[in-house]
Amino acid sequence: MRLRSSPSPLPTMASLFRRECIALVVAQMSLLNLSPATLRAVASRALHTQTAPSTAAPSALALIRSQPSHYVVASVAGRKYLLTPRDLLTVPRLKDVKVGDVLKLSDIHELGSREYTLRGNPILPPEQVQVEATVVEHTKGKMETIFKKKRRKGYERTVRHKQTYTRLRIGPIDIVEETSS
């Protein structure tokens, strides 16, 4: 026979905090006159993952531009990397590029500074942020040894290889100003 503990009549601190956060989000969204379905969807998301309205992007870009240093989260060769200007990035070999080529990073997922962050949904438009990377070298990694064996069969193989890599130097992060016409 298994004993069950009765549920505590008092809520935990975590559940109280969660309820307060959801109530705060619902109160803020009700000021915008949104439908109940939209309110439920927004309230179910975590507070830090809310997307800002598209009208807030130019002011957010101005705030980030006013900061001294910037970073981006960009996709290079199918993986996301946190990049800052003058970083040296090592990625798996890019076959179609030569040393000295300049690559324009088009998939930028996030732009930020010490105090502000702007996230794309899923990427930021290329007309807002531009980042370039210069191919520095094509190199190889350390020698890797792979030993294969099947017991009792006399099968043993040793495979050695060096993985090829491309090194990129990240250029400046250009936050494009909106020109009003």
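Accessible area here comes from the Shrake-Rupley method with a 1.4 Å probe. By that method, the accessible surface of the protein adds up to about 13800 Å², and 53% of this belongs to carbon and sulfur atoms. Keep in mind throughout that this is a predicted model.

**Stop 1: the whole chain**

Start with a cartoon view. The protein has three helices and eight strands, and from the N terminus on the elements run α-α-α-β-β-β-β-β-β-β-β. Colour by burial next: of the 181 residues, buried ones make up 25%. If you like contact maps, take the contacts between residues at least 6 apart in sequence; 65% of them join residues at least 24 apart.

**Stop 2: H70, on the way into β1**

Select H70, which you'll find in the loop between α3 and β1. Is H70 buried or exposed? Its relative accessibility is 17%, so H70 counts as buried, given that the cut-off for buried is under 20%.

Now show the backbone oxygens around the H70 side chain. The one of I64 lies 2.7 Å from a polar atom of that side chain, and the one of Q67 lies 3.4 Å from a polar atom of the H70 side chain. Leaving aside neighbours within four places in sequence, the residues in contact with H70 are I64, R65, T84, P85, G112, S113, I173 and I175.

**Stop 3: β1 and its two partners**

Move along to strand β1, residues 71–76. Six of its six residues are buried, so β1 is largely enclosed by the rest of the structure. As a general point, side chains in a regular strand alternate between the two faces of the sheet. Check the faces of β1 one at a time: Y71, V73 and S75 are buried on one side, and V72, A74 and V76 are buried on the other.

Which strands are joined to β1 by bridges? One is β5 (residues 108–112), antiparallel to β1 and joined to it by four bridges. Select A74 and I108 to see one bridge pair between β1 and β5. The other is β2 (residues 79–83), also antiparallel, with five bridges to β1. Here, select S75 and look across to K80 in β2, which stands opposite.

β1 and β2 form a hairpin with two residues between them. Click on A77 in the turn and check the backbone torsions: phi is positive, at about 55°.

**Stop 4: the largest nonpolar core**

Show side chains for V72, L83, L105, L111, V129, V131 and L168. Among the 25 residues of the largest nonpolar core, these touch the most other members. The elements giving two or more residues to this core are α3 (57–65), β1, β2, β3, β5, β7 and β8.

Zoom in on L105. Not counting residues up to four places away in sequence, L105 touches A74, V76, L83, V131, A133 and I170.

**Stop 5: a four-strand sheet**

Next, select β3, β8, β7 and β4. In that order they make an open sheet of four strands with antiparallel pairing. Which are the edge strands? They are β3 (88–92) and β4 (102–105), each of which pairs on one side only. From one strand to the next, the twist averages 45°.

For a look at one pairing, keep β4 and β7 (residues 129–150) on screen: the two run antiparallel and are joined by four bridges. K104 is a handy marker, with E132 as its bridge partner in β7.

**Stop 6: V97, between β3 and β4**

Select V97, which sits in the loop between β3 and β4. With a relative accessibility of 13%, V97 counts as buried. Leaving aside neighbours within four places in sequence, V97 is in contact with L103, V135 and H138. Try a C-alpha distance for one of these: V97 and V135 are 7.6 Å apart in space, with their positions 38 residues apart in sequence numbering.

**Stop 7: E156 in β8**

Finish with E156 in strand β8 (residues 155–175). Is E156 buried or partly exposed? E156 is partly exposed, at a relative accessible area of 44%. Not counting residues up to four places away in sequence, E156 touches F147, K148 and K149. Draw the side chains of E156 and K149 as sticks: a polar contact of 3.0 Å joins them.

Technical notes:
Residues are numbered from 1 along each chain as its sequence is written. This is a predicted model: local features need pLDDT of at least 70, side-chain atom pairs count only at pLDDT 80 or more; totals for chains, interfaces and linings use all residues. Side-chain values use heavy atoms; hydrogens and water are left out. Buried means under 20% relative accessible area, exposed over 50%, partly exposed in between (1.4 Å probe, protein chains only). Contact means heavy atoms within 4.5 Å. A polar contact is a pair of N or O atoms within 3.5 Å; within protein, one must be able to donate a hydrogen and the other to accept it, and residues adjacent in sequence count only if both atoms are side-chain atoms. Two strands pair if DSSP finds at least two bridges between them. Axes are lines fitted to C-alpha atoms, for helices over the stretch in contact, and angles run from 0 to 180 degrees between N-to-C directions. A nonpolar core is a set of buried Ala, Val, Leu, Ile, Met, Phe, Trp, Tyr and Cys residues joined through side-chain atoms within 4.5 Å.
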